[in-house]
Amino acid sequence: MQLTTTNRQGFAPATMGEAMEFSKMLAESSMVPRAYQGKPQDIMVCVQWGYELGLAPMQALQNIAVINGKPSVYGDAMMALVQASAVCDGVDESFEGTDGTGDYAAVCVARRKGRNPVIVRFSVNDAKRAGLWGKQGPWQAYPKRMLQMRARGFALRDAFPDVVKGLITAEEAADFPD
């Protein structure tokens, strides 16, 4: 297999045959996430999603997840895609309110060049209304991080829909019912 070098960040298959061979090789590797092992077709689709988003093949495999049948991208990868975009003028994240109360909220301010900032708050009360607060898993183990990821996902999707191509965060997708 001859792969075309694209830059110092890696390589990309140049033909459909190369892409299938590449996908089969990766599917047999223990270095890809378990969800992709033994599934060259899923790897091929993931790598294509990544290409459309601007992720190299290995970045796509590490940062795109299919949760409850819906492709999604991890919140940190979504942030990286937005910050790498020429239209991004900055993203700020913070918390406001009193920790331990319902008004405690994660705040994400997404600034796109030439537009008003998109400001999203996601509070403990919001999480309670959505049935997320105290939910088994990350909501119990990392509640502040989950508030942050929800505010981030909403703000980045609202301010940069063209950059994230309609994908939601994996953190949000994990909260959808099966």
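These exercises, each with a worked solution, deal with a predicted model of one protein.

**Exercise 1. Overall description**

Find how many helices and strands the protein has, what box its C-alpha atoms fill, and what share of its residues is buried.

Solution.
- Step 1. The secondary structure consists of nine helices and eight strands.
- Step 2. Along the principal axes, the C-alpha atoms fill a box of roughly 60 × 40 × 20 Å.
- Step 3. The protein has 178 residues, and 40% of them are buried, buried being under 20% relative accessible area.
- Step 4. The accessible surface is about 10000 Å², with 52% of it belonging to carbon and sulfur atoms.

**Exercise 2. Charges and contacts**

Determine how far apart the mean positions of the positive and negative charges lie, and what part of the contacts between residues at least 6 apart in sequence joins residues at least 24 apart.

Solution.
- Step 1. Count the charges: there are 19 positive and 19 negative ones.
- Step 2. Take the mean position of each set; the two means are 2 Å apart.
- Step 3. For contacts between residues at least 6 apart in sequence, the part joining residues at least 24 apart is 46%.

**Exercise 3. The nonpolar cores**

Identify which residues of the largest nonpolar core touch the most other members, and which helix gives the most to this core.

Solution.
- Step 1. The largest nonpolar core holds 41 residues, and those touching the most other members are Val 82, Leu 147, Leu 156 and Phe 160.
- Step 2. Helix α7, residues 143-159, gives the most to this core, with six residues.
- Step 3. Leaving out residues up to four places away in sequence, Phe 160 touches Val 82, Val 87, Cys 88, Ala 110, Arg 111 and Arg 112.
- Step 4. A second core, separate and made of five residues, includes Ala 65, Ile 67, Ile 168 and Ala 173.

**Exercise 4. The three-stranded sheet**

Give the strand order of the open sheet and name its edge strands.

Solution.
- Step 1. The order is β3-β4-β8, and the pairing is mixed.
- Step 2. β3 (64-67) and β8 (168-169) each pair on one side only, and are the edge strands.
- Step 3. β3 and β4 (residues 70-73) run antiparallel and are joined by four bridges. Here Val 66 has Pro 71 of β4 as its bridge partner.

**Exercise 5. The hairpin**

Work out how β6 and β7 are joined, and which residue in the turn has a positive phi.

Solution.
- Step 1. β6 (residues 105-112) and β7 (residues 118-123) run antiparallel, with six bridges joining them.
- Step 2. Ala 106 stands opposite Phe 122 in β7.
- Step 3. The two strands, β6 and β7, form a hairpin with five residues between them. In the turn, Gly 114 has a positive phi of about 80°.

Conventions. Residues numbered from 1 in each chain as written. Predicted model: local features only at pLDDT ≥ 70, side-chain atom pairs only at ≥ 80, totals over all residues. Heavy atoms only, no water. Buried < 20%, exposed > 50% of the residue type's maximum accessible area, 1.4 Å probe, protein only. Contact = heavy atoms within 4.5 Å. Areas by Shrake-Rupley, 256 points an atom, 1.4 Å probe, with all protein chains shown as cover. Lys, Arg positive; Asp, Glu negative; His and termini not counted. Charge placed at Lys NZ, Arg CZ, Asp CG, Glu CD. Core = buried A, V, L, I, M, F, W, Y, C linked by side-chain atoms within 4.5 Å. Pairing = 2+ DSSP bridges.
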